[in-house]
Amino acid sequence: MTLTAGSLAYPATTWPRAAPATATRCSRFRRPDACASPVAAAAAADLAFHPEVSRAAESLQAEFRAVDRALAYNSSRVAAAFRRARVAPHHFGGSTGYGHDDGGGREALDSIFAEIVGAEAAIVRPQFFSGTHAIACALFALLRPGHELLAVAGPPYDTLEEVIGIRGSANVGSLKDFGVAYREVPLAEDGGLDWDALACAIKPETGCAFIQRSCGYSWRKSLSVADISRAVNLIKKQNPGCMVMVDNCYGEFVETSEPAMVGADLIAGSLIKNPGGTIAPCGGYVAGKKDLVEAAAARLSAPGLGVEFGSTPGHVMRALFQGLFLAPQMVGEAVKVGYYLLVHC
Ligand SMILES: Cc1ncc(COP(=O)(O)O)c(C=O)c1O
């Protein structure tokens, strides 16, 4: 039998709908002929994919090997952080009410995350609604009236326009409402950072330089951690007091290093993207310098409550650990699909 997808014809895989009464364990999980010989097994495995996909995967062997190396390295970093924090079942219990005494799960998760991204501290919480919420908490931690926010990689992700106050109603508590000015350094023609413009962009009142690592929906390049490192150095050379904040959404585990390792003061992102490993049901994080993370925590909760408050049901706590543990694998697989789409679509 032959199925047709567009102009491509390929043989249909005829999986049994239900196991026959006499089925062995093997025949229940594979095509019956796959058990006959190694050659038949290989042929059956080939049929698991559309031939076009098999050919594409063949042609991307070198890229996939590089992704697998990064994936293995990142997985081992994550496993080491879990070991160091001695993650055990009592960490998965969660809490109710104020969220005190949650068996150390919250602290363990924060310290593991901080270690993985190379930060002094981190706050990883289901109470962050999304990446936008985590980024907003980080921006409000860094900026004060009279400061300027400078986006150095062109326009930020569009949900941040309302946080900044360049779109939407006045008086909802945007940065603009609190007297924080905003400016942008447009991207260079090649879609990367405009290094010449950045070399003289920082003013004394620039309280925060904002870098969006991943491209979001715009047709620009995602920035490498090497780019971010170069940008941090350029910014700090002009004004060491200017804080560097990175929107790390969709950037985590794509490389083997993270922006906090190369001098970013604060990074923020979402657990319903890369670091949730497809398992975390909600949440986000802010990581970086300890005092700044505490300020972001105070924005998430309230001054005086900070990082020690906030209950998390046990099943969610467990999922946050589990998702973070699996995240390098999930991100690696997604990067491979990205290569495929880039080269073959
Ligand atoms: C680069 C980038 N920044 C920020 C966000 C906003 O994250 P969220 O949708 O979780 O608020 C996104 C969302 O896709 C994104 O891609």
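**Exercise 1. Is T278 buried, partly exposed or exposed?**

*Solution.* The model is a predicted one. Begin with the position: T278 lies in the loop between strand 8 (266-270) and strand 9 (284-288). Next, take the neighbour count, which is 15 C-beta atoms inside 10 Å. A buried residue needs 20 or more such neighbours and an exposed one 12 or fewer. T278 therefore counts as partly exposed. Finally, consider the backbone: most residues other than glycine have a negative phi. T278 is not a glycine, yet its phi is positive, at about 70 degrees.

**Exercise 2. Determine the location and exposure of R86, and describe its phi.**

*Solution.* Locate the residue in the chain: R86 belongs to the loop between helix 4 (61-84) and helix 5 (105-117). Then apply the count: R86 has 10 other C-beta atoms within 10 Å and is therefore exposed. Its phi is positive, about 50 degrees, although R86 is not a glycine.

**Exercise 3. Describe the open sheet, beginning with its strand order.**

*Solution.* The protein has eleven helices and nine strands. Seven strands make up the open sheet, in the order 3-9-8-7-6-4-5, with mixed pairing. At the edges are strand 3 (121-125) and strand 5 (181-184), each of which pairs on one side only. On average, neighbouring strands of this sheet are turned by 20 degrees against each other, direction ignored. For a single pair, consider strand 4 (residues 148-151) and strand 6 (residues 206-212): they run parallel and are joined by four bridges. Within this pair, L149 has C208 of strand 6 as its bridge partner.

**Exercise 4. Identify the residues of the largest nonpolar core that touch the most other members, and the helix that contributes most.**

*Solution.* In soluble globular proteins, nonpolar side chains tend to be buried together. Here, 36% of the 345 residues count as buried. The largest nonpolar core holds 79 residues, and A122, A138, L139, V286 and A287 touch the most other members. Helix 6 (residues 131-142) gives the most to this core, namely nine residues. Now follow one member: leaving aside residues up to four places away in sequence, A138 touches M245, L266, A268, V286 and A296. For the protein as a whole, 68% of contacts between residues at least 6 apart in sequence join residues at least 24 apart.

**Exercise 5. Classify the shell around the ligand by residue type.**

*Solution.* First list the shell: S130, G131, T132, Y157, T159, Q212, S214, G216, D247, C249, Y250 and S270 surround the ligand. Then sort these residues, counting glycine as polar. The division is three nonpolar, eight polar and one charged.

How values were computed:
Residues numbered from 1 in each chain as written. Predicted model: local features only at pLDDT ≥ 70, side-chain atom pairs only at ≥ 80, totals over all residues. Helix = DSSP H or I, 4+ residues; strand = E, 2+ residues; numbered from the N terminus. Contact = placed C-beta atoms within 7 Å. Core = buried A, V, L, I, M, F, W, Y, C linked by C-beta atoms within 7 Å. Pairing = 2+ DSSP bridges. Axes fitted to C-alpha atoms, helices over the stretch in contact; angles between N-to-C directions.
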